[in-house]
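Student: I'd like a close look at a single part of this one. Could you take one helix, go round it side by side, and then follow the chain outward from there?

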Amino acid sequence: MSDSSPVPTAAPVLEVWCELQCPDCRGALADLSALRARYGDRLELRLRHFPLEKHKHAFAAAQAAEEALEQGKGWEYVEAVLGRVEELDRKGEPLLVEVAGELGLDAEEFDTALIDGRHILIVDADQAEGKAIGVTGTPTYVIGGERLDGGKSQEGLRERIAEIADRLLAEAEGA
């Protein structure tokens with residue numbers, strides 16, 4: 001006997017390999033906002049960390065983003081920090097805590113999280129996975145098994161991501 005009720009399908013996942021001290025990632029915010037506006041919860045944006053060695057505050061910023069995610073404002077925090085890349089270059093970790101406070105997050109908990117390193121394993125795992133799948137710079141996107149390198153050029157990426165998302169959604173609806 002088969003049940004004919006529709007099975008809810010999981011939203012396609014767009015993995016966004018990002019680094020919070022990266023000007024190119026800041027440039028990608030408009031594309032991510034447009035994709036969120038177009039798809040809403042039909043497309044899951046998943047933050048993945050790929051801190052680059054050339055940016056000395058990127059690893060701490062990735063940990064801070066994980067703390068923000070835990071406190072319920074992950075993407076809001078990411079966007080706020082990316083909007084202040086130059087300031088992060090100058091101020092470092094104190095800016096990460098300052099932004100948390102500005103967003104109404106528990107800044108003291110941020111400070112503690114950066115000191116105790118509770119999110120280091122997540123950042124390390126993302127970085128290792130990124131290297132394993134060929135991520136070399138940020139932003140890099142992975143959707144439907146396809147890797148799109150935004151570190152080289154943002155040109156046409158939003159359209160390419162939308163094409164793949166549309167295809168995945170159509171396949172899910174037709175399944």
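Tutor: Sure. First, how far to trust it: this is a predicted model, with an average pLDDT of 91 across the protein and 93% of the residues at 70 or above. The stretch to ignore is residues 1-7, where pLDDT stays under 50 and the model has zero contacts beyond four places in sequence.

Let's take H7, which covers residues 120-132. Its 13 residues reach 18 Å from the first C-alpha to the last, close to the 18 Å expected at 1.5 Å a residue. Now go round the helix. Val123, Asp126, Gln127 and Gly130 are the buried ones. They cover an arc of only 95 degrees around the axis, which means they sit on the same side of H7. Turn to the other side and you find Leu121 and Ala132, both exposed.

So what lies over that buried side? The cover includes strands S1 (13-18) and S2, along with helix H2 (58-70). Let's take the two strands, since one residue there leads straight back to the helix.

S1 and S2 run parallel to each other, paired over six bridges. S1 is mostly covered, with five of its six residues buried. S2 spans residues 44-49, and arginine 48 is part of it. Across the pairing, arginine 48 is the bridge partner of tryptophan 17. You might not expect an arginine to be tucked away, but look at the number: its relative accessibility is 9%, under the 20% cut-off, so arginine 48 counts as buried. Its contacts, leaving out neighbours within four places in sequence, go two ways. There is a run of Glu15, Val16, Trp17 and Cys18, and then there are Asp126 and Glu129. Asp126 is one of the buried residues of H7 that we just listed, so keep arginine 48 on screen while you look at that side of the helix.

Now follow the chain out of H7. Just after the helix, glycine 134 takes a positive phi of about 95 degrees. A bit further on, in the loop between H7 and S3, comes proline 139. The peptide bond joining threonine 138 to proline 139 is cis, with omega about -5 degrees. As background for both of these, most residues other than glycine have a negative phi, and most peptide bonds are trans.

After that loop you come to a hairpin. S3 (residues 140-143) and S4 (residues 146-149) run antiparallel and are joined by four bridges. Threonine 140 faces aspartate 149 of S4. Two residues lie between the strands, and in this hairpin glycine 144 has a positive phi near 55 degrees.

Further along is H8, residues 157-174, where you'll find glutamate 159. Its relative accessibility of 48% makes glutamate 159 partly exposed. The C-alpha of glutamate 159 is 9.4 Å from that of leucine 35, although the two are 124 residues apart along the chain.

For contrast, have a look at the other helices too. H5 (residues 93-102) has Leu95, Leu96, Val97, Val99 and Ala100 as its buried residues. Their cover includes H2, H3, H4 (85-91) and H6. H2 is also among the elements covering the buried residues of H7. Just after H5, glycine 104 takes a positive phi of about 80 degrees.

Two of the helices that cover H5 also share a ring contact. The structure holds one aromatic pair: tyrosine 77 and phenylalanine 110, with ring centres 5.2 Å apart and planes at 40 degrees, so the pair is tilted. Tyrosine 77 belongs to H3 (residues 74-82) and phenylalanine 110 to H6 (residues 107-116), so the pair ties together parts that are 33 residues apart in sequence. Both partners are tucked in: tyrosine 77 is buried at a relative accessible area of 0%, and phenylalanine 110 is buried at 1%.

One last stop is the loop between H3 and H4, where glycine 83 is found. With a relative accessible area of 45%, glycine 83 is partly exposed. Its C-alpha lies 17 Å from that of histidine 49, a residue 34 places away along the chain.

Note on methods:
Residues numbered from 1 in each chain as written. Predicted model: local features only at pLDDT ≥ 70, side-chain atom pairs only at ≥ 80, totals over all residues. Heavy atoms only, no water. pLDDT = per-residue confidence, 0-100. Contact = heavy atoms within 4.5 Å. Buried < 20%, exposed > 50% of the residue type's maximum accessible area, 1.4 Å probe, protein only. Expected span 1.5 Å × (residues − 1). Arc of directions from axis to C-beta. Phe/Tyr/Trp six-rings, centres within 6.5 Å; stacked < 30°, edge-to-face > 60°. Pairing = 2+ DSSP bridges.
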